[in-house]
Amino acid sequence: MSHVTTHVLDGAAGAAASGVEVTLVDADGDALAAGSTDVDGRLALGPEELPAGTYALVFQTGAYFAARDTATFYPSVTVTFAVADGRHHHVPLLLSPFAYSTYRGT
């Protein structure tokens, strides 16, 4: 079982990306949890524990940039990942209007 958190950083602004809507979905595309990043760009998504399997975080990046009157190439970013153990899974997103990257955090 595992717990999922994320942290979104706006590389173009050099700051945390607050107010980014994020949805946690299972392999069937069913939403398990949703929320928006806080002023530090952080969000914990439930349930507190996930069984082994494939999941995705869907970040609504288009709405985030539109609220800042900034054009972007990516209306959303989907990061698919596998849960295989009981460890905490932290999935950061480094974001800019025309690029993004991610990694397995701690």
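Q: What area does the protein expose, and what share of it do carbon and sulfur atoms supply?
A: The protein exposes about 5500 Å², and 54% of that area is supplied by carbon and sulfur atoms; accessible areas come from the Shrake-Rupley method with a 1.4 Å probe, and for residues only the protein chains shown count as cover. The model is predicted, so local features need pLDDT of at least 70 and side-chain atom pairs count only at pLDDT 80 or more, while totals for chains, interfaces and linings use all residues. Residues are numbered from 1 along each chain as its sequence is written, and side-chain values use heavy atoms, with hydrogens and water left out.

Q: How do you know how many helices and strands the protein has?
A: Helices (H or I, at least four residues) and strands (E, at least two) are DSSP runs, numbered from the N terminus, and by this rule the protein has 1 helix and 10 strands. From the N terminus on, the elements run β-β-β-β-β-β-α-β-β-β-β.

Q: What makes the radius of gyration of the protein agree with that of a compact globule?
A: The radius is taken over C-alpha atoms, and the globule rule is 2.2 Å times the number of residues to the power 0.38. For 106 residues a compact globule would have a radius near 13 Å, and the protein has 13 Å, therefore the two agree. The C-alpha atoms fill a box of roughly 40 × 25 × 20 Å along the principal axes.

Q: Why is alanine 12 called exposed?
A: A residue is buried under 20% relative accessible area, exposed over 50%, and partly exposed in between (1.4 Å probe, protein chains only). Alanine 12 has 57% relative accessibility and therefore counts as exposed. Alanine 12 lies in the loop between strand E1 (2-10) and strand E2 (15-16).

Q: Which residues is alanine 12 in contact with, leaving aside its neighbours within four places in sequence?
A: Contact means heavy atoms within 4.5 Å, and on this basis alanine 12 is in contact with Leu95, Ser96 and Pro97. Serine 96, which is placed in strand E9 (residues 93-96), touches Ala12 and Phe65 when residues up to four places away in sequence are not counted.

Q: Why is aspartate 30 called partly exposed?
A: Aspartate 30 has a relative accessible area of 43%, which falls between the two limits, so partly exposed is the name that applies. Aspartate 30 lies in the loop between strand E3 (21-26) and strand E4 (31-36).

Q: Why is histidine 89 called buried?
A: The relative accessible area of histidine 89 is 3%, and therefore histidine 89 counts as buried. This residue is found in strand E8 (residues 89-90), and of the 106 residues of the protein, 40% count as buried.

Q: What makes the pairing of the side chains of histidine 89 and arginine 104 a polar contact?
A: A polar contact is a pair of N or O atoms within 3.5 Å, where within protein one must be able to donate a hydrogen and the other to accept it, and residues adjacent in sequence count only if both atoms are side-chain atoms. The two side chains make such a contact at 3.3 Å.

Q: What is notable about the phi of aspartate 69?
A: Phi of aspartate 69 is near 55°, a positive value in a residue other than glycine. Most residues other than glycine have a negative phi. Aspartate 69 is placed in the loop between helix H1 (61-66) and strand E7 (77-83), and at 74% relative accessibility it counts as exposed.
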